[in-house]
Amino acid sequence: MRLILGSASPRRKELLAQLGLCPDAILPPDIDETPRARELPRPYCARMAREKAAAVTAAPEDVVLCADTTVALGRRILGKPADAAEAAAFLVALAGRRHKVITAVAVRRGERLWERVVETTVQMKRLSDIELNGYLASGEWEGKAGAYAIQGRAGAFIPWIQGSFTGVVGLPVAETAQLLTAAGCSLREAA
C-alpha cells in the first residue's frame, strides 16, 4: 500500500509529517475548481476534495489523500486571488470581521471514500494601510485561499479562532488521522 498525497501544498506535506507520515508519491490532480452557480462554500469545498480524490490515478490498494480549503465570508467563497488587487479586496473584506475557513478532506482506497469537513471560525483584526500594503508586498497571499496564510505573517492579524488551527493551515491533523486509520493506513508503524 502506498500513500499518495493529491496536493502540491508544502504545508499539507508538513502537516502529514506531524502524523509521522511521508507520502510515497505527490500527485496533485488538475481539476476545474470553479464554483457552480449559487454553490455554497461548505458543499463546494467538500465537492472539490471528492473530485480531487477521484482524479488521482492510483492502484486499488493505494491510499489517496486530498483536501480543499475554502475561505467563506457569509455565502461568498474567497478562493485564491488572481492578483494583488483581488488579494487587497479580499483582505479589506475580511478585516475586522469573523469568517469561516472550511477544509474538506477526502481519503480514497479503491472504490471506498472517507470524507470529513472541518469548519473553523476566524477573527481578523482591522488592518492599517501599512499592514495591508506590507502584507501585499510580501507576496505571501499568492496561492492562498482568502489571500492569507495564518501560519505566516498574517498570523499577526488573527487574534482569535474557534476550531482547528491545522484546518486553517490546510489539513486538519486529528480528523485526517481518523480518516487514514479508517482507510487502513497504520499511523503507529509510521510514527
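In the account of the pocket below, Ala, Val, Leu, Ile, Met, Phe, Trp, Tyr, Cys and Pro count as nonpolar, Asp, Glu, Lys and Arg as charged, and the others, Gly among them, as polar. With that settled, welcome to a short walk through this structure, which is a predicted model.

## The largest pocket

Let us begin with the largest pocket, whose volume is about 590 Å³. Its lining is made up of 32 residues. Those that lie nearest the centre of the pocket are Arg12, Thr69, Lys80, Gly143 and Ala145. Several elements give two or more residues to this lining: helix H1 (10-17), helix H2 (41-55), strand S3 (63-73), strand S4 (76-78) and helix H5 (165-169). Which of the elements gives the most to the lining? Strand S3 does, with five residues. As for chemical character, the lining divides into 16 nonpolar, nine polar and seven charged residues.

## His99 and Met124

Next, please look at His99, which sits in strand S5 (residues 98-109). His99 has a relative accessible area of 2%, so the residue is buried. Its side chain has a polar partner: the side chain of Tyr148 makes a polar contact with that of His99 at 2.7 Å. Leaving aside residues up to four places away in sequence, His99 touches Val71, Ala72, Leu73, Leu94, Thr120, Thr121, Val122, Met124 and Tyr148.

Met124, one of those neighbours, belongs to the loop between strand S6 (112-123) and H4. Is Met124 buried or exposed? With a relative accessibility of 0%, Met124 counts as buried. On the same basis of counting, the residues that Met124 touches are Leu91, Leu94, Ala95, Gly96, Arg97, His99, Tyr148, Phe157, Ile158 and Pro159. Leu94 and Tyr148 therefore appear in the contact lists of both His99 and Met124, where contact means heavy atoms within 4.5 Å. Among the partners of Met124, Ala95 is 29 residues away along the chain, and the two C-alpha atoms are separated by 5.3 Å.

## Two cysteines without a bond

How many disulfides does a search of the whole structure find? The search finds zero. A disulfide is a covalent bond between the sulfur atoms of two cysteines. For Cys45, the closest cysteine sulfur is that of Cys66, and because the two are 12 Å apart, they are too far from each other for a bond. The cut-off for a disulfide is a pair of cysteine sulfur atoms within 2.5 Å. Seen from the other side, Cys66 is in no disulfide either, with the sulfur of Cys45 as its nearest cysteine sulfur. Cys45 counts as buried at 0% relative accessibility, and Cys66 counts as buried at 1%.

## Two residues with positive phi

Most residues other than glycine have a negative phi. Where, then, is phi positive in a residue other than glycine? One place is Arg38, with phi near 60°. Another is Ala147, which is not a glycine but has a positive phi of about 70°. Both lie in loops: Arg38 is between strand S2 (25-26) and H2, while Ala147 is between helix H4 (129-138) and strand S7 (160-162). Their surroundings contrast, as Arg38 counts as exposed at 78% relative accessibility, whereas Ala147 is buried at 0%.

## Leu5 and some pairs along the chain

Leu5 belongs to strand S1 (residues 3-5). At a relative accessible area of 1%, Leu5 is buried. Apart from residues up to four places away in sequence, Leu5 touches Arg12, Lys13, Pro23, Ala25, Ile26, Leu27, Pro28 and Leu65. Arg12, in that list, is also one of the residues nearest the centre of the largest pocket.

Leu21 is in the loop between H1 and S2, and its relative accessible area of 8% makes the residue buried. Pro43, in helix H2, is partly exposed, with a relative accessible area of 45%. The table sets out how far some pairs of residues are apart in sequence and in space.

| Pair | Apart in sequence | C-alpha to C-alpha |
|---|---|---|
| Leu5 and Cys22 | 17 residues | 9.0 Å |
| Leu21 and Ser186 | 165 residues | 9.5 Å |
| Pro43 and Trp160 | 117 residues | 25 Å |
| Met124 and Ala95 | 29 residues | 5.3 Å |

Definitions and conventions: Residues are numbered from 1 along each chain as its sequence is written. This is a predicted model: local features need pLDDT of at least 70, side-chain atom pairs count only at pLDDT 80 or more; totals for chains, interfaces and linings use all residues. Side-chain values use heavy atoms; hydrogens and water are left out. Helices (H or I, at least four residues) and strands (E, at least two) are DSSP runs, numbered from the N terminus. Buried means under 20% relative accessible area, exposed over 50%, partly exposed in between (1.4 Å probe, protein chains only). A polar contact is a pair of N or O atoms within 3.5 Å; within protein, one must be able to donate a hydrogen and the other to accept it, and residues adjacent in sequence count only if both atoms are side-chain atoms. On a 1 Å grid over the protein atoms alone, a cavity is a set of points where a 1.4 Å probe fits but cannot get out, and a pocket is an open set with protein on both sides within 12 Å along at least five of seven lines; lining residues have an atom within 4 Å of a point. Grid points are joined across faces, edges and corners, and a volume is the space filled by probe spheres set on the points.
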